[in-house]
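Got your viewer open? Load the model, switch to a cartoon view, and keep the selection box handy.

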Amino acid sequence: MLALPASSRWTLVLGLAPVSTVNYQTSTSQKLSIVGTDSIRYSYKGEGGLNKAVIANGVRIFKDMYVGLETSYLFGVINRDVTTQNFSDSQNYEVILADRVNYSGLHFKLGWAWKPKLNKDYFLNLGATAEFGQSIGVKSLKRFTINSAGGQPINADTLKQITGNASLPATYRFGISLEKPAKLLVSLDYSLTQWSGFQNINGSNENLKNASTIALGAEYIPKFDAINGYFNHVMYRAGVNYTTSPYSINGGNAATDMSFSVGASLPLRTISYINVAYVRGKRGTFVTTGIEEVYNKIVVGFSLGDFYWFRKSKID
């Protein structure tokens, strides 16, 4: 994302960003009889995702209040393949059912922020965004292919080709934080996505439920204006997160995701940072959903910036 100060009250943002990603591959085998080696293997593969090209505008309407509008063009392709291979004969043919879906369309998001000053040291930050339920263009192509054991195509045909629209869910977010600039920040965020209002190109909701996330976090800087001491300028962070997903398992309760994280932003020589974090969490609960996963993640990122781009040169 690139933010440009168009005026003292108006900021323009241009950018390209990912929206969602699909990337999985798994397989399972099933024996055809108790005795013998005859079996069938099912393979499932998905890849692709959605991206957006963004033009956003933020305007300061009062001393401490801002409003914004993000206009984005969503685009992308998602491929899902199901491969069946029968090992009960010497031919071992593969039958591949391929589903390719193209997405494209405009998307809008509204934003509001208010930053009143509580006293000489602390500010209160309030913010909210709204993405109302919107429609996006969809092109779906379903094909089947029969391949030999060596992967050579033997036969192929198109099963169905559809052009239509899908309804995206509405998403609402709200956040509140207490801030002591360049020292301390404590924040609480909540979001709700109404997946019950989603419809795919066939008009199905796919049994999705409304999803929500609540997160609590804090950031601390020991001494931002210190002349010496590298670690005086490091930003230390910690947080907890609880998410209810839109997916129900075996028709039961929706899967949940609980996690905590710790991390830091390590300053470089300019105003840029290397961001590192460790995340540990648990998805699902075996007692209620029959599935439970404990995961660990290490996240590394970069924040690049330079105030000098928009400074006017002066001769002393």
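What follows is a walk from the whole chain down to single residues.

**Before you click**

This is a predicted model, so to speak of local features we ask for pLDDT of at least 70, while side-chain atom pairs count only at pLDDT 80 or more and totals for chains, interfaces and linings use all residues. Residues are numbered from 1 along each chain as its sequence is written, and side-chain values use heavy atoms, with hydrogens and water left out.

**The whole chain**

Start zoomed out, with the cartoon coloured by secondary structure. You should find one helix and 15 strands; these are DSSP runs numbered from the N terminus, with helices being H or I of at least four residues and strands E of at least two. The radius of gyration is 25 Å, well over the 20 Å that the globule rule gives for 316 residues, so the protein is more spread out than a compact globule. That radius is taken over C-alpha atoms, and the rule is 2.2 Å times the number of residues to the power 0.38. Rotate the C-alpha trace onto its principal axes and it spans about 85 × 40 × 40 Å.

Now turn on the surface. The accessible area comes to about 20,600 Å², of which 58% belongs to carbon and sulfur atoms (Shrake-Rupley method, 1.4 Å probe; for residues, only the protein chains shown count as cover). Of the 316 residues, 27% count as buried. Here buried means under 20% relative accessible area, exposed over 50%, and partly exposed in between, with a 1.4 Å probe and protein chains only.

Colour by charge next. There are 31 positive and 21 negative side chains, and the centres of the two sets lie 8 Å apart. Lys and Arg count as positive and Asp and Glu as negative, leaving out His and the chain ends; each charge is placed at NZ of Lys, CZ of Arg, CG of Asp or CD of Glu.

**Stop 1: Gln134**

Select Gln134, in strand S7 (residues 134-147). Is Gln134 buried or exposed? At 14% relative accessibility, it counts as buried. Show its side chain together with that of His107: a polar contact of 3.5 Å joins the two. A polar contact is a pair of N or O atoms within 3.5 Å; within protein, one must be able to donate a hydrogen and the other to accept it, and residues adjacent in sequence count only if both atoms are side-chain atoms. Setting aside neighbours within four places in sequence, Gln134 is in contact with Leu106, His107, Phe108, Ala166, Ser167 and Leu168, where contact means heavy atoms within 4.5 Å.

**Stop 2: Ser191 and two loops**

Jump to Ser191 in strand S10 (residues 184-193). Ser191 is buried, with a relative accessible area of 16%. Beyond four places in sequence, Ser191 has contacts that include Tyr172, Arg173 and Ser212. Draw a distance from its C-alpha to that of Ala128, 63 residues away along the chain, and you get 9.5 Å.

Now pick the loop between strand S9 (171-180) and S10, where Ala182 lies. Phi of Ala182 is near 60 degrees, a positive value in a residue other than glycine. Ala182 is partly exposed, at 41%.

The loop between S10 and strand S11 (211-220) holds Glu206. Glu206 also has a positive phi, about 60 degrees, although it is not a glycine, and it is partly exposed at 45% relative accessibility.

**Stop 3: along S11**

Two residues to select here, beginning with Leu216 in strand S11. Leu216 counts as partly exposed at 45% relative accessibility, and beyond four places in sequence its contacts are Ser187, Leu188, Ala238, Gly239 and Val240.

Then move to Glu219, in strand S11. Glu219 is buried, with a relative accessible area of 18%. Which side chain makes a polar contact of 2.8 Å with that of Glu219? Select Arg237 and you have it. Leaving out neighbours within four places in sequence, Glu219 also has Lys183, Leu184 and Tyr236 among its contacts.

**Stop 4: Ser245**

Finish at Ser245 in strand S12 (residues 235-248). Ser245 is buried, with a relative accessible area of 16%. Zoom in on its side chain: the backbone nitrogen of Tyr247 lies 3.3 Å from one of its polar atoms. Outside the four-place neighbourhood in sequence, Ser245 is in contact with Asn210, Ala211, Ala254 and Ala255.
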